[in-house]
Amino acid sequence: MREADRREGVWQFLTYTFLLAAVALTLVPIYWMVVAASLPQPAFLSYPPRFLPGTEFLANLDALQGRLDFLRSVGNSVLIAVVYTLLSMLLCSMAGFAFAKYEFRFKEPIFYGILATLVLPIQLLVIPLFLLMVRFGWTNTYQAIILPWAANPIGIFLMRQNMKKIPDALLESARMDGATEFQLFYRIALPTMKSSLAALAIILFLFQWNLFLYPLVVLQEESMYTIPVAFAQLVGFQRVYYDQIMVAATISILPIFALFLALQKQFVSGILAGSLKE
Amino acid sequence: MTADSSTSDAPRRTYEPSAADRLRYARQGVRDALPAVPGVPYLFLAPFFVLFGVFLAFPVVYTLYLSFFEYQGVGDGTILWFDLGFTVVEIKSLASLEFVGLSNYARLFTDELFHQALFNTVFILLVQVPLMIGLALALALALNASFVRFKGVLRTTLALPVSANLVAYSTVFLLLLNEQLGVVNYALARVGVGPIPWLTEPFWARMTIVGAVTWRWVGYNMIILLAGLQNVPRQLYEAAEIDGATRWQKFRYVTLPQLRPVLLFVVVLSTIGTFKLFAEPYIITGGGPSNATLTIVQYVYREAFVNFNLGYASALTYALVVVVGALSIIQIRIGGEDDA
């Protein structure tokens with residue numbers, strides 16, 4: 001019996017060691033990023049490397065801003081991701097409501113047709129979208145980045161699945177009380193969808209936040225760059241300034257980390273719901 | 001399937017009609033379905049379908065169309081023109097094109113750079129997917145152990161890299177792995193290893209991509225696997241314990257078979273994801289050294305937007321669609337076989 005206890009103890013110790021090692025490997029690059037962002041470039045490039053943060057973060061940010069307006073890129077990214085998320089949630093929940101709660105011709109074939117597009121890689125769309133945006137005169141605009149994928153197949157799928165659970169009797173009684181069809185959607189269906197909407201918001205936000213290939217093609221003016229496009233420029237410059245790039249990386253990564261650490265539950269349910277796509 | 005787990009049953013209970021409501025329904029003979037209101041569903045659908053049609057359905061078809069042409073430049077001709085009285089509708093062509101039949105597809109078979117990109121992608125995939133899924137499974141099992149504390153925080157921390165901006169994290173890895181100044185080689189030197197040419201030697205450059213992708217996605221896969229583990233019925237473990245099963249036997253004969261659909265799912269997901277790899281090689285290695293990390297999507301980007309061979313790039317994209325689609329089907333088949 002004591003032998004079994006001892007083996008259980010060793011097992012528990014190994015499990016914890018493994019988990020903590022994984023946490024360390026997850027966090028070390030992030031920690032090192034913050035260190036590098038807060039040291040003056042010469043100190044950072046000295047060998048052996050320094051492992052404690054310095055005080056030069058703002059000075060490095062200043063230098064970064066002198067070469068490329070990175071804070072504006074952050075603003076662009078936040079604006080685009082937030083507007084995109086809200087617009088897409090509205091479109092997807094309206095259409096999802098129609099698929100869940102109304103009867104109309106070709107309902108099933110249309111729905112499964114939309115769902116089938118989930119297997120197509122989004123890279124498939126980049127070339128024609130580029131030509132379309134040139135034709136519309138929309139290169140270097142926000143709408144060029146926001147509108148494509150606002151009609152999101154994963155969004156309509158999630159909304160339809162969850163809105164099916166709303167009892168018809170509830171909607172029917174509201175209708176008898178004189179609610180319009182849009183009020184049924186807005187006042188009754190939407191408020192029951194809070195957890196699904198939160199999960200969807202996280203999926204949509206992260207999707208837009210990470211979009212790289214398409215903005216790289218459509219945004220050529222510095223004032224319109226999103227975060228990923230700005231990074232592509234920073235890395236492409238003749239001389240690579242480590243400290244400045246790390247400042248940019250810190251600004252791009254840490255606030256989102258903090259946000260999701262605060263929203264743990266929604267973050268995890270967002271991952272689970274979004275795992276249907278990528 | 002995973003969609004359902006994101007919502008609790010709570011809202012359903014909240015909106016159960018009250019007793020008074022039920023009485024009223026009974027009196028008025030309300031059916032349990034919304035009666036049709038003509039036109040209403042279409043109003044709800046219209047905004048979605050306008051954007052879906054212009055920015056998704058049309059591009060899918062147009063890429064296929066483009067793949068039979070050679071791109072000559074921005075279009076200048078008019079396809080459609082009519083006068084509605086109050087306004088004039090004019091649809092201009094998107095591109096001036098020259099029909100080349102199947103020659104773009106024929107070129108796929110002789111294009112050595114495409115074959116190199118395909119080889120690189122498959123190589124990265126064969127190392128990366130098993131490594132990442134294995135790690136994710138081990139982490140999920142560890143987190144699922146009953147004695148582990150602080151599960152919530154550990155789980156979220158391990159999953160955080162998914163939220164790191166794709167390109168921002170790639171630049172961090174680029175600097176972390178610098179051959180002379182990177183902190184990784186410094187740490188290795190302290191234990192007498194290296195310096196390892198992480199970015200300048202073909203094999204190590206591929207391992208760099210593998211490592212970066214694994215760092216970002218392992219926690220994500222762990223969360224999906226953990227949800228799968230929590231769905232394994234407890235009775236199965238209890239029964240196995242009564243039969244005196246060891247830890248390994250419980251894993252091999254209870255956990256693995258029960259988890260197989262979820263495992264298959266994450267393998268398919270990761271395989272498809274790796275096939276679409278772009279940001280990491282673009283930023284970290286630039287596809288180099290000597291194209292050792294050039295991926296398919298990166299090659300598409302080069303052909304389309306550096307060389308402006310939009311027709312050939314479209315054919316390349318459809319090749320990617322075929323490969324990804326076929327792989328998903330094969331993997332689902334393999335996973336389903338032993339069920340019988």
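Two strands are said to pair if DSSP finds at least two bridges between them, strands (E, at least two residues) and helices (H or I, at least four residues) being DSSP runs that are numbered from the N terminus. The exercises concern a predicted model, in which local features need pLDDT of at least 70 and side-chain atom pairs count only at pLDDT 80 or more, while totals for chains, interfaces and linings use all residues. Residues are numbered from 1 along each chain as its sequence is written, and chains are lettered from A, and ligands numbered from 1, in the order in which they are written.

**Exercise 1. The hairpin of chain B**

Describe how E2(B) is joined to strand E3 of chain B, and establish how many residues of E2(B) are buried.

Step 1. Strand E2 (residues 78–83) of chain B and strand E3 (residues 88–92) of chain B run antiparallel and are joined by five bridges.

Step 2. Within this pairing, Trp81(B) has Glu90(B) as its bridge partner, and Asp83(B) has Val88(B).

Step 3. The two strands form a hairpin with four residues between them, and Gly85(B) in the turn has a positive phi of about 95 degrees.

Step 4. A residue is buried if 20 or more other C-beta atoms lie within 10 Å of its own, exposed if 12 or fewer, and partly exposed in between, with C-beta atoms placed from the backbone. Because the number buried among the six residues of E2(B) is zero, that strand lies largely in the open; E3(B) is hardly covered either, since the count for its five residues is zero.

**Exercise 2. Two positive phi values**

Locate Ser290(B) and Phe308(B) in chain B, and classify each by its C-beta neighbours.

Step 1. Most residues other than glycine have a negative phi. Ser290(B) nevertheless has a positive phi near 40 degrees, and Phe308(B) has a positive one near 55 degrees.

Step 2. Ser290(B) is found in the loop between helix H13 (279–285) and helix H14 (296–306) of chain B, whereas Phe308(B) lies in the loop between H14 and helix H15 (310–337) of chain B.

Step 3. Ser290(B) is exposed because 10 other C-beta atoms lie within 10 Å, while Phe308(B), with 13 such atoms within 10 Å, is partly exposed.

**Exercise 3. Chain B, the interface and the core**

Summarise chain B, then characterise the side of chain A that touches chain B and the largest nonpolar core.

Step 1. Chain B has 15 helices and four strands, and buried residues make up 37% of its 340 residues.

Step 2. Taking two residues to be in contact if their C-beta atoms, placed from the backbone, lie within 7 Å, one finds 93 residues of chain A in contact with 97 residues of chain B. Helix H1 (residues 2–37) of chain A supplies the largest share of the chain A side, eleven residues. By class, that side has 69 nonpolar, 16 polar and eight charged residues, where Ala, Val, Leu, Ile, Met, Phe, Trp, Tyr, Cys and Pro count as nonpolar, Asp, Glu, Lys and Arg as charged, and the others, Gly among them, as polar.

Step 3. A nonpolar core is a set of buried Ala, Val, Leu, Ile, Met, Phe, Trp, Tyr and Cys residues joined through C-beta atoms within 7 Å. The largest one has 168 residues, and those with the most contacts inside it include Ala248(A) and Phe48(B). Helix H6 (residues 112–144) of chain B gives the most to this core, with 13 residues.
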